Amino acid sequence: MHGLQSLLIVGGAVLPLLLELIPTLALGLAIGMRWPLLPGALAQPLVRFGIPLSVAALLLRSGLNRDFLQAGALALLLIAALMLLLQRWPRLLPSGVLQLGAVTGNTTYFGIPVALALLPPQALGAAIAYDLAGTLLSWTLGPRLVAAAGQGRRSFRRDLGQSPATHGFLLAFVLQLTPWQAPLAALLWWPARLVLLLALLLVGMRLGVMLNQGEIQPGFNWRPLAPALLFKMVLLPLLFAILGRLLALPAGVADALVLQAAAPTAISVLLMAEAEGEGVNAAAGLVLLSTAMALITVPLWWWLLS
């Protein structure tokens, strides 16, 4: 009886998530295939204004506290260690694109909406801390993994400085020092949710553009991507789950780290591959397949956590 009650509780949490993810991604996919220029027009105001406000609202609601710092430090150390390890022993994942795709997640546009749907407000700070750590590492060690050594520093400074997570963190830090923290958090809560829905829509639109422009060819060989997909969707969340238990992290923090680790491969991996002209099809395949898999694996991880 207790097991049935637990299953019903988890199902009640996951069903609204899927009803949010699947139609939004599908609609974005259709829009991106029909109007391939629209994602570029939507992305600029969303990244510049919407996502920072949304991240700031979530941080104001959850608070910049010890859990935030602990989650960010753990994510930073583990992801950096895995990046360096995969580069040093490339037998399993022989290309830099596969190595980067295996550890870099689409946390801003996919993982944070998932955390918002499944986690209590006080755990959202840990999810954002993971996102900040991932952004930092993807634009420092990432170009090195895809052999873009000549533009690594320029990309890091530009993209970390323009990261919506970075802007949202700085805005939340400033607003938290004012006497209006609580009313601002309440005022921005529902706009923050709307912005994250638009972020999910943008993910679907980008996938639609990829398919429309032939970045995924019909005869493309998917088998070489299997180890990277296994690492990203199964092993990486498992490592964070084990560490959460070993370090006795608070339940909300541990769950946030696992769900962010379970996010699909970041679109930034494809952008780096396109800039270098190396492994573009592999990067596009990772983004597309991992996003489709996440619709199944993320609810499964939530079920296991629960």
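1. Let me start with Phe-110. Setting aside neighbours within four places in sequence, Phe-110 is in contact with Leu-21, Leu-25, Leu-200, Ala-263, Pro-264, Thr-291, Ala-294 and Val-298. Keep in mind that this is a predicted model. The largest nonpolar core has 87 residues, and Phe-110 shares with Phe-240 the distinction of touching the most other members.

2. Now the helix pair around that residue. Helix 5 (residues 107-118) and helix 14 (residues 280-305) have axes that come within 12 Å and cross at roughly 35°. The crossing of helix 5 and helix 14 is right-handed. On the helix 5 side, Phe-110, Val-114 and Leu-118 do the meeting; on the helix 14 side, the partners are Thr-291, Ala-294, Val-298 and Trp-302. Sorted by class, this contact has six nonpolar residues, one polar and no charged. As background to that spacing, an α-helix has 3.6 residues a turn, so residues three or four places apart point the same way.

3. Stepping back to the whole fold: the protein chain has 14 helices and zero strands. Of its 306 residues, 52% count as buried. Take the contacts with a sequence separation of 6 or more, and 86% of them are between residues 24 or more positions apart. About 14,100 Å² of the protein chain is exposed, with carbon and sulfur atoms supplying 70% of that area.

4. Helix 12 (251-261) deserves a look of its own. Helix 12 is mostly covered, with nine of its 11 residues buried. The buried ones are Val-253, Ala-254, Asp-255, Ala-256, Leu-257, Val-258, Leu-259, Gln-260 and Ala-261, so if you are scanning for side chains other than plain hydrocarbon, Asp-255 and Gln-260 are in that list. The cover over these buried residues includes helix 3 (66-88), helix 5, helix 6 (124-138), helix 11 and helix 14.

5. One piece of that cover can be followed from the other side. Ala-126 sits in helix 6. Beyond its neighbours within four places in sequence, Ala-126 is in contact with Ala-71, Val-253, Ala-256 and Leu-257. Is Ala-126 buried or exposed? Its relative accessible area is 4%, so Ala-126 counts as buried. Ala-126 and Arg-66 are 60 residues apart in sequence, yet their C-alpha atoms are 9.6 Å apart in space.

6. Ala-192 is another buried alanine to check. Ala-192 belongs to helix 10 (residues 181-212), and its relative accessible area is 2%, so it is buried. Ser-54 and Ala-57 are its contacts once neighbours within four places in sequence are left aside. Along the chain, Ala-192 and Ala-56 are 136 residues apart, but 8.7 Å separates their C-alpha atoms.

7. Last, a backbone oddity. Which residue has a positive phi although it is not a glycine? That is Ala-248, with a phi of about 55°. Ala-248 lies in the loop between helix 11 (226-246) and helix 12. Ala-248 is exposed, because its relative accessible area is 62% and the cut-off for exposed is over 50%.

Notes:
Residues numbered from 1 in each chain as written. Predicted model: local features only at pLDDT ≥ 70, side-chain atom pairs only at ≥ 80, totals over all residues. Heavy atoms only, no water. Core = buried A, V, L, I, M, F, W, Y, C linked by side-chain atoms within 4.5 Å. Buried < 20%, exposed > 50% of the residue type's maximum accessible area, 1.4 Å probe, protein only. Contact = heavy atoms within 4.5 Å. Helix = DSSP H or I, 4+ residues; strand = E, 2+ residues; numbered from the N terminus. Axes fitted to C-alpha atoms, helices over the stretch in contact; angles between N-to-C directions. Left-handed = near helix turned anticlockwise from the far one by under 90°. Nonpolar A, V, L, I, M, F, W, Y, C, P; charged D, E, K, R; others polar. Areas by Shrake-Rupley, 256 points an atom, 1.4 Å probe, with all protein chains shown as cover.
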